[in-house]
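Visitor: I am new to this structure and would rather understand one part well than hurry past everything. Could you pick a place to begin, look at it closely, and then lead me outward from there?

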Amino acid sequence: MTGAGDGLVIGLGNPWRGDDGVGWRLAAAAGGCCVRQLTPDLAEKLVGPSRVLFIDGWLAPGGARRPRLRPLLPAGAGGGSHGLAPALLLTVAFDLYGVRPAAALLLVPIVACPHDRRLSPALRWQLPAARRLLHRWQAAGPCMS
Amino acid sequence: MAVVTLHVDGMAVAVPAGAPLLQALTAAGVTLPTLCHHPRLSPVAACRLCLVELEGAPRPVPACVTAAAEGQRLATDTPALRQGRRLIVELLFAEGNHPCAVCVADGDCELQDAAQRVGMDRVTVPYRHPPRQVDASHPLFLLDHHRCILCSRCVRVCDEIEGAHVWAMAERGGRTRLIAGLDQPWGAVDSCTSCGKCVAVCPTGALVTREDVPLSPWPGP
Amino acid sequence: MARTITIDPVTRLEGHARITLQVDDRGALVAARFHVTELRGFETFCEGRPFSEMPMLTARICGICPVSHQLCAARTGDKLLAVQPPATARGLRQLLNLAQICQSHALSFFYLSSADVLLGWTDDPDRRGIFGLIAADPELARAGIRLRQFGQGVIERLAGRRIHPSWVVPGGVRSALTPATRAWILEHLPEARRTAALALERFKALLDGRLQRDARRFGDLPSLFMALVAADGSWACSDGALRIVDSQGVIVADRLSEDAMPSMIDEAVEPWTYLRFPYLRARGRIDGHYRVGPLARLNVCSGIGTPWADREWREFRQRAGAPVVTSSFAYHHARLVEIVACLEGIARLVDDDSLCQGRVRARAALNANEAIGVSEAPRGTLFHHYVVDDDGLITRINLIIATGQNNRAMNLALEAVAREELPWPIGPGVELPAQLLNRLEAAIRCYDPCLSCSTHAAGAMALQVQLRGADGQVWADDRRP
């Protein structure tokens, strides 16, 4: 759990694959939950918190440079059960448990995912901005996201 | 006892003159990964993981066998040293057969610890996949050559402490291997006292206790 | 002109399995073939290793049923040591196996098959697999997810981790049941039982309705059935003897020791698949094929031995209206009955605290050079056969796994489905029915083969059917994105 009341932070990614681990790292630092992929049984974690923030790496089309924090609504359906999109996990949580926490998605632009635990220099340069967005989400009340 | 003062990564520490540099490192709070070193055994500087840069020396020196002297300036964490240490560990993994997932020493292995210490997330050199054997001829213990990194701790503990001198290294270079007695099956070596010291000091899963013994030689599950 | 229809499942793990329907010159179906195109060669990894490592090494064969391989490897190890594990250890191993069967069946039923079974056949990828179930019946989906977590929770608490634990050893296990784990199991059992009851209620309602035809006819085929039974003939998942019945329910072999396996079973090899075809030597390659797994276990046993499971088992047989249930579709129902058997079995084992105390491991030196172990895995009877040298190093090893033993049946089930779904004889330009892909896939899924690991991405799986002439020309093409 994060320091922000009953907000839950979920970081997505593989910490052994370069920039892909950025969500994992930020969530770990915020005391959140770190996963390599979203699976249906995680929906149970969304019961309780009034707010949830997903953090994921973002291979942005056109090469976006800045991290983005955006509200997230339940959406999507189907697909494999090994790697759900955050919006789909919200759908599953609503369908299964009737919960609809206010959700947001923090996307951090990533550059390269080699077999390496280190982040690329370009991404490291973005980290302060990403942390600011994370802190802003944590500090905001339930209405913000 | 004469005391010398030297600098480890800029920090001044005092150790007895002639003590190994590793002692100075410890005094400075620096711990380097080591594999062949054992505090109760003579040093051999085989694994090269404790190499440090000594100001004025033409190349890095092993801290386990280099004597401390007045005014030395050491660097323990330069990019070249970090890169070298990682490469050494990678080479050890590539030289033998080390599938941690199915190894009995998984989670209790100094080679694995070293890999984590140096940040080895993959092996960048080609694996040799050497065809090696398991010597299961001893009634209590098992020698798995696949997992041996030739650190020689077993050779030294048997010679220096138990005094049985069961172990030795045979051949040279890439073919170097650990042998028992006169290159016999371990169980056939009469001089072995079955004391288990070699198993106790082995940093990997190369020397282990057998599972199929009527009584566990040591307490535990 | 001979033609071949190829169905190529391309998933994130490519090249695992493929289905072809062979058509002869007159447009008639010759055979359906389920190709397994991956070779792992696991036996080779094991040669030269100490037999005591086998529980850990063979567990790596699969991430769904590692526990089954461990149990079988440890059983084989017991026999190499020539020891009987202490009673507490036998009970603990049984507890682990019941939890394993429970979690694996929950995965198969709720995650992989539920939507097809409960919601009907559809091409809409959003309605297939677990998501279809979540949308249509959240109560059941929630319960199913929790049931699998229960089985995994027992394994994790008992053996230290959910996947690839190293708790089972030749001679016994490493530690006894802790009072905390026993309390956890007792606390969670009632919910698991409610889930099983709910699933059975929904499923049986459908058997009386929409699934009536499927239940009797889907992938229906005669075969022998083999499974372990206890000394009194009741359902057993370990510590039993082998029994074989035919499709009329006649017991053709009983009280067989697993030691008879090499003289009893041979394995045929076909050039088009890496999966072997075990068969009973006495009956030959074709007539000697037999089925294993949940359906076989319920067909060979003469009762389960616990009250609720016994009721469900009797009803399961009565519904078929025959002494033995032969439809492939019945595997799904059989899994639900077995979940009940597992839950009641677990309840019985943790009813008192006898598994929390006593000796858990028998120690011995190597006392034999060859041994065969057997145990019931979720998908069927599993054999490990080791030959070791005098130092205990493996010199020869053979593993006969459940999916292999159901290999012939899977091919025959595909053939049966293809016969029903296509307008035979087939000519050029035939329209392939929209649901052919789903039905063929469902026929495979009845057997829940280990390959379902790679082919379970329901809806997301790209499937392709091609009807090709011998000249290579595509006559009909259907694919699912």
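## Where chain B meets chain C

Guide: Between chain B and chain C there are 4 salt bridges, and that boundary is a good place to begin, with the caution that everything here is read from a predicted model. In general, side chains of opposite charge can pair when their charged atoms come close. One such pair across the boundary is Asp144(B) with Arg49(C), whose closest N and O atoms are 2.4 Å apart. The two chains also share 6 residue pairs in polar contact, counting pairs in which both residues have a pLDDT of 80 or more. Chain B contributes 19 residues to the contact and chain C contributes 20. Together the two chains bury about 1,600 Å², and 52% of that area lies on carbon and sulfur atoms.

From Asp144(B) we can step into chain B itself, starting with strand E7, which covers residues 141-144. Strand E7(B) is joined to E10(B) by 3 bridges, and the two run antiparallel. Within this pairing, Leu143(B) stands opposite Leu207(B), a residue of E10(B). Both strands belong to an open sheet of 3 strands in chain B, in the order E6-E7-E10 and with antiparallel pairing. Because E6 and strand E10 (207-209) each have a single partner strand, they stand at the edges of the sheet, and one side of each is left without a neighbour there.

The loops of chain B repay the same slow look. Asn97(B) lies in the loop between helix H2 (79-95) and H3 of that chain. With a relative accessible area of 16%, Asn97(B) is counted as buried, because the cut-off for that word is under 20%. Two polar partners can be named for its side chain: the backbone oxygen of Pro130(B), reached at 2.8 Å, and the side chain of His146(B), joined by a polar contact of 2.9 Å. Setting aside neighbours within four places in sequence, Asn97(B) is in contact with His129(B), Pro130(B), His146(B) and Arg147(B).

Another loop of chain B runs between helix H3 (110-117) and strand E6 (134-135), and Asp121(B) lies in it. The side chain of Asp121(B) makes a polar contact of 3.2 Å with the side chain of Arg86(B). Leaving out residues up to four places away in sequence, Asp121(B) touches Arg86(B) and also Trp16(A), His115(A), Asp116(A) and Arg117(A).

Chain B has a salt bridge of its own to show, in which the side chains of Arg177(B) and Asp183(B) meet at 2.8 Å, N to O. Arg177(B) counts as partly exposed because its relative accessibility is 29%, and Asp183(B), at 42%, also counts as partly exposed.

Let us now cross to the other side of the boundary. Chain C has 17 helices and 16 strands, and buried residues make up 63% of its 481 residues. Among contacts in chain C between residues at least 6 apart in sequence, 68% join residues at least 24 apart.

One instance of a link between distant parts is the salt bridge of Lys204(C) with Glu315(C), at 3.1 Å from N to O. Lys204(C) is in helix H7 (residues 179-208) and Glu315(C) is in helix H12 (residues 307-320), 111 residues apart. Lys204(C) is buried, with a relative accessible area of 13%, whereas Glu315(C), at 24%, is partly exposed. Glu315(C) forms a salt bridge with Arg319(C) as well, the closest N and O atoms being 3.1 Å apart. Arg319(C) is partly exposed, with a relative accessibility of 25%. These two residues both lie in H12(C), 4 residues apart, or about one turn of the helix. Salt bridges with shared partners join Lys204(C), Asp208(C), Glu312(C), Glu315(C) and Arg319(C) into one network.

A last stop in chain C is helix H6, residues 138-159. Its 22 residues, at 1.5 Å a residue, should span 32 Å, which agrees with the 31 Å between its end C-alpha atoms. Just after H6(C), Gly160(C) takes a positive phi of about 100 degrees.

To return to the theme with which we began, the count over all chains comes to 36 salt bridges, while the boundary between chain B and chain C holds 4.

Note on methods: Residues are numbered from 1 along each chain as its sequence is written. Chains are lettered from A and ligands numbered from 1 in the order in which they are written. This is a predicted model: local features need pLDDT of at least 70, side-chain atom pairs count only at pLDDT 80 or more; totals for chains, interfaces and linings use all residues. Side-chain values use heavy atoms; hydrogens and water are left out. A polar contact is a pair of N or O atoms within 3.5 Å; within protein, one must be able to donate a hydrogen and the other to accept it, and residues adjacent in sequence count only if both atoms are side-chain atoms. Contact means heavy atoms within 4.5 Å. Buried means under 20% relative accessible area, exposed over 50%, partly exposed in between (1.4 Å probe, protein chains only). The expected span of a helix is 1.5 Å times one less than its number of residues. Two strands pair if DSSP finds at least two bridges between them. Buried area is the accessible area (1.4 Å probe) that two parts lose on being put together, summed over both.
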